[in-house]
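Let's take a friendly walk through a protein model, one piece at a time. Keep the sequence and the 3D view open beside you as you read.

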Amino acid sequence: MSLEAERRQLTVMFCDLVGSTALSGQLDPEELREVVRAYQARSAAIIERHAGHIAQYLGDGLLVYFGYPVAQEDAAVRAVRAGMEIIGALKTQPGLPLQARIGIHTGPVVVGEMGAGSKREQLALGETVHSRLDATVSPGLTPLVGREEELALLLRRWEQVKDREGQVVLLNGEPGIGKSRLVRELQERVEREGALHLEFHCSPYHQNSALYPVIEHLQRLLRWQKDDTPQAKFAKLQTTLARYHFPQSDSLALLAALLSLPHPTEVPPLNLSPERQRQKTQEVLVAWLLEEAEQAPAYCAWEDLHWADPSTLDLLNLLVDQAPTARLYVLLTCRPEFTAPWGKRLHFGQLTLSRLGRRQVPQMIEKVTGGKTFPSEVLQQIIAKTDGVPLFVEELTKTVIESGLLKETAGGYELTGALPPLAIPSTLHDSLMARLDRLAAVREVAQLGATLGREFAYDLLHAVSPLDERTLQNGLAQLVEAELLYQRGTLPQASYIFKHALIQDAAYQSLLKSTRQHYHKQIAQVLEERFPETVETQPELVAHHYTVAGLAEQALPYWQQAGQRAIERSANVEAIHHLTTALELLKTLPDTPEHLQQELTLHITLGVALIATKGFAASAVERVYARVLDLCRQVGETPQLFPGLWGSWVFYALRGKLQTAQELAARLLHLAQSLQDTALLLQAHHSLWATSFWRGELLSARVHAEQGIALYERAQHHSLAFLYGGHDPGGCCRNFGALTLWLLGYPDQADKRNQEALALARELSHPFSSAGAVGYAAWLFEFRRERTGVQEQAKALLGLAEEQGSSDWSAQGTILQGWALAERGQGEEGIAQIRQGLAALRATGTESPRPYYLALLAKAYGKVGRTEEGLSVLAEALEARQSTGARFYEAELYRLKGELTRKQSGVRGPESEVANTQNPAPSPQAEVEAEACFHKAIEIARQQRAKSLELRAVMSLSRLWQQQGKHREAHERLAEIYDWFTEGFNTKDLQEAKALLAEVAEEH
C-alpha cells in the first residue's frame, strides 16, 4: 500500500451488532468476547468473498471499504450483497440470536495513512464516511436544532453521574416538542463513553397494567421467544440473575412472580402479604438497576410518564430516592399534565422544552431537506403554521416535498406553479394525514397497527391483518422508509413503534367508528385464540379491545380477571380501575340473574382492593359492601356469598356498627355449617370471636376463639390471610383469646396465648399478621399496666405500619406509645401523641376500639391533674360505647370516671391513677357520684364476667370506703373478689389488691 494519500470514489459499509450494550449486561466478559469474535469471523469471511477491505474493528463494529485498495466497478453492489449475507448468516449463528445494523454509502473520499508512532492505519476521510456513520447510529431521527442549551445542561449532569453523583432529570413538554429526540441524543453521547443504556416506555393502552414498562424491558433483556416454555423462560431468568451480586434469597421467586412464571418447586414459597411482595419486588428491581450502575455508568430513560401505571410511579419514587448514591442517570419525559411528586432535591431537576424560535425553523427545514432551500413563500407558510413545534416542522416539510407542489433542482426546490390556497396543511394532524393519504396502498397497515397500540409485534399484526404476508411486509417497509414507523429486530420476530404518539393518533382517528370497532373485536378474538400467554398476563388488554369494540359482555370476565390478578400482585390502584370499569360496563347490560352474580363478584373483589388502599372502615368500602348486602339478598345463599358477607362483616365490625356485624357473623356461621367447609367455618368463628369481644360478650368470644385455635392448621389455612382481612386467622384467634382471658380473670393463660400469637407471627413472617400480633400484645401489656411491654410493642407496630404503609396500625401505635410516655412521666407529650393517633384513627373510619383509646387518654389527663378534660374525654368514650356497641371496656370507663370525680373532689387513694396535686376540700356530692360510678362498673363487670375489671372497680370502691371509715365493708367486698382468682398473683392489680386487703384488715 502506498503511504501517500489519494482521492478516490469509495463505497463504505459500517456493520455493528444491535443491542450490544444490553448483551454486555447479560454475558460474562469472556462469553461476550467469544460471541463477538464468532460474529466478526463470519462477517470477515463474507466480506473477503465479496472483495471488501476491513479498515477498522471498532468494538463490535466493522468499518469496511469496497473499491479500495483495488478499484471495483460494482463496489456498491458488492457491499449490498455482503451486508445482506451477513444479516442472513447471523440468523443461523448457533447460540444467542444476533442482529446486525448495516449502513452503506458511496462517494468521494481521501484515503491515506493516519495515526502516529507504532499505531498507523490506512483510513478514508470525507463526507461519505462520516455521514454514513452518523446515519447508522441515529436512523430516522428528527434533526436536532435549537437545543444546545438543554443538551449542555443534560451533559453537565452526566459529568456528575460519572463522579458517582447520581442524577434525575424530568423533561417536560407538549407533544412533538422534541423530548424523545433529546433522550436519543443524550443516549448516543453517553454510549460513546461506554455507558450502559436502559429504556422503559409507558403506554396509553397499559396505564393500569402494573409495572408494564418494567416487564416489557425485562422480557427484551431476557431474550424470551414466543415458543419458549415457562421452564425455558425461568432458566433464562435464573442464568441472568446468577451474574449479579444483588439477589437475596427471594429475588428469583419475586421476579418469577412479576413475570407471571409458575413458582419454581426448588425455590421456597413467598410467605408475604401482597403489599409486602409488591414492595420487595420493587426493592429487587431498584437493586438490579443500582448494580448495573456499579459495573458502568448507567443511562436509564423512562418515557411518557403521563401514561405510567401507579405501580411504576411507586417504583420510580424508590429509584429517585436512591439515585444519588450510584452512577445512575435517570432521564424522565412527560407531557405538561403530569405532576412530578419528587419536589426539590439536589439531584433532581426539571427541564421544560420550549418551542423553536422563528430563526431556528428554517435551520431545521434545511436539515430535513439535506441543505436544499425552499421558495420563500413556502418557507414562510411552514414557519407560520408550525408555530415552532419540531415534529410539525419535520412532518410538514416532508408533506410539502411529497405533495408535488415543488420540483427539485441542483440548489434547492422550486414551485411547479402558483401556490394554491390551503395547499399546505394547517395542523399537524392534517399534515400527518396527508402523508398517510399519499401512502394509500399501505394506510390500512398503519391504521391496523395504530389500533394495536403505539408499539406492536409483527406476529400479532400478521395474525389480525387480512393482507398476505408479502403485502403486509412491503407495507411495513414503506412505513419504515417514510419514517412513520421504527422497526426493532428482524422479521418475523420484529416489533414496530410509531415514531410519535401523534402519528399513531392520526392513523387511528382516521378510522370510521364501525371499522375501529371491527378491528378491536378482531384483535381481541385473535388474542384469545392464538396468544394465550398474553391473555393470561395482560387480561386488561383483551378487556380493552372488547370494550372499545362495544362488546361489554365479552369484556367483563377479562376486567374481572385483570382486577383479581392486580390484587394478587398488590397493585390495588390498578385493580380498582379494572373493576370499576367493569361495573360501569355492567350498567349498560340488562338486569339478569347472571349479571347480578357478576356484579356481586365484582363488588366483592373491589372491596378487597379498597380495604387495602383506604382501610377497613373507609366510606368507599361502606358503599361497596352496602351494595354487596343488597345483592346478597337478591341472589340468595350460595358458596360465592361467603367472601362478600365476610367483607361486609369486617367493615361493620370496625366501623362500630356491631349489631349489624353480629347479624352478619351469625349468618356466616350458618352458611359455613351448611356447606361443611372447614376453612369457611374457621372464618365464621373469626367473625364471631372479634364481634363478641367488641360487644363485651366475653364468654362467647372465648368459645369462638378456642374453636378457631382447634380448627386452624397453618399449612392449610394461612392462605386465608389473602382472602379475608389480610391477616392470619391462627394468630388472630390467639390475639383475641389472650385479651378475653385477661378480662375474664386469667392473666397467666392470657400471657400464654399472647406468646403463642407472637411466636406464630415470627414463624409466618407475614407483615399484617405480625402487626396484629404486636398491636394486641401492646393492649395486653397495657391491661397488665406494664409500661415497658407496651413501649416495645408500640415501637414494633409503628415500624411495621411504616413498612406496610398502614395508616390504621400507625394511628394505633401512636396512641399506645403516647400512653407509655404518660406513664413514664412525660404526660403532656403523651397526651399530644394520643390525640394525634386518635385523629388519625378517626380519619380511617375505625370506631370500635375508640372507647378503649379514649380511656387511655383520660388516664393520661389524670396523670397530669387535668381532671376536667379527663372527665370530658370519658363522656365522649361513653357516648362512643353507646353509638358503636363496643362495651368490652365499659366497666373500666365507669371506674375511671369515679376516680377522676374523686380527684376532682379532692379524695384520692394511695394508688390512684391521677396525680397527687393540691385539691379543694372534698365534695360530698362528688363522693356520692364517684361511689355510684364504682358500683356501676362492678355491675357491668359482673354481667360480662370480666373479673379483672371487677377487681379494679372493687379496689377503687374499697379505697373510697376506707377513706370514709367503712373498713369492714371494704375488706369483705375486696376479699370476695380477690379470693376468686387462682392465677396472676405477680400482676400489679393482684399485688395491689393483696396490699390493700392487709391495710384495711389492720385498720378494721
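A good place to begin is Ser43, which is buried because its relative accessible area is 1%; buried means under 20% relative accessible area, exposed over 50%, and partly exposed in between, using a 1.4 Å probe and protein chains only. Ser43 sits in helix H2, residues 29-49. Helices (H or I, at least four residues) and strands (E, at least two) are DSSP runs, numbered from the N terminus. Setting aside residues up to four places away in sequence, Ser43 touches Leu62 and Ile86, where contact means heavy atoms within 4.5 Å.

Some background on the model helps here. This is a predicted model, in which local features need pLDDT of at least 70 and side-chain atom pairs count only at pLDDT 80 or more, while totals for chains, interfaces and linings use all residues. Residues are numbered from 1 along each chain as its sequence is written, and side-chain values use heavy atoms, with hydrogens and water left out.

**The nonpolar cores**

A nonpolar core is a set of buried Ala, Val, Leu, Ile, Met, Phe, Trp, Tyr and Cys residues joined through side-chain atoms within 4.5 Å. In soluble globular proteins, nonpolar side chains tend to be buried together. The largest core in this model has 222 residues, and Trp649, Phe693, Trp694 and Trp779 touch the most other members. Leaving out neighbours within four places in sequence, the contacts of Trp779 include Phe693, Trp694, Leu739 and Phe888. Another core lies apart from that one; it has 56 residues, including Leu222, Leu237, Ala326 and Phe348.

**A sheet with parallel pairing**

Which order do the strands of the 5-stranded open sheet follow? The order is S7-S8-S9-S6-S10, with parallel pairing; two strands pair if DSSP finds at least two bridges between them. Strands S7 (196-201) and S10 (348-352) stand at the edges with a single partner strand each, so one side of each is left without a neighbour in the sheet. From one strand to the next, the twist averages 15°. Strand S6 (residues 167-172) pairs with S10 in the parallel sense over 5 bridges, and Asn172 stands opposite Thr352 in S10. Helix H11 (residues 310-322) lies across S6, strand S8 (298-303) and strand S9 (328-334), and runs at about 150° to S8. For angles like this one, axes are lines fitted to C-alpha atoms, for helices over the stretch in contact, and the angles run from 0 to 180 degrees between N-to-C directions.

**A sheet with antiparallel pairing**

An open sheet of 3 strands has the order S13-S15-S14, and its pairing is antiparallel. Its edge strands, S13 (455-457) and S14, each pair on one side only. Here the twist averages 25° from one strand to the next. S13 and S15 pair in the antiparallel sense over 3 bridges, with Ala457 opposite Ser495 in S15. Helix H18 (residues 469-481) packs on the sheet and touches S13, S14 and S15, its direction making about 115° with that of S14.

Look next at the loop between strand S14 (485-488) and strand S15 (495-498), where Pro492 is found. A cis peptide bond joins Leu491 and Pro492, with omega about 5°.

**Two helices that cross**

Helix H15 (residues 428-438) packs against helix H19 (residues 501-509) at an angle of about 70°, with their axes 9 Å apart. That makes H15 roughly perpendicular to H19; angles under 35 degrees count as roughly parallel, over 145 as roughly antiparallel, 65 to 115 as roughly perpendicular and the rest as oblique. Residues of H15 including Leu428 and Met433 belong to the group that meets residues of H19, among them Leu502 and Ala506.

**Positive phi values in loops**

Two residues other than glycine with positive phi are set out here.

| Residue | Phi | Loop | Relative accessibility |
|---|---|---|---|
| Arg164 | near 65° | between helix H5 (148-162) and S6 | 42%, partly exposed |
| Leu211 | near 55° | between S7 and helix H7 (212-221) | 7%, buried |

**One last residue**

Is Gly789 buried or exposed? Gly789 is buried, because its relative accessible area is 9%. Gly789 lies in helix H35, residues 787-804. Phe722 is 67 residues from Gly789 along the chain, and their C-alpha atoms are separated by 30 Å.
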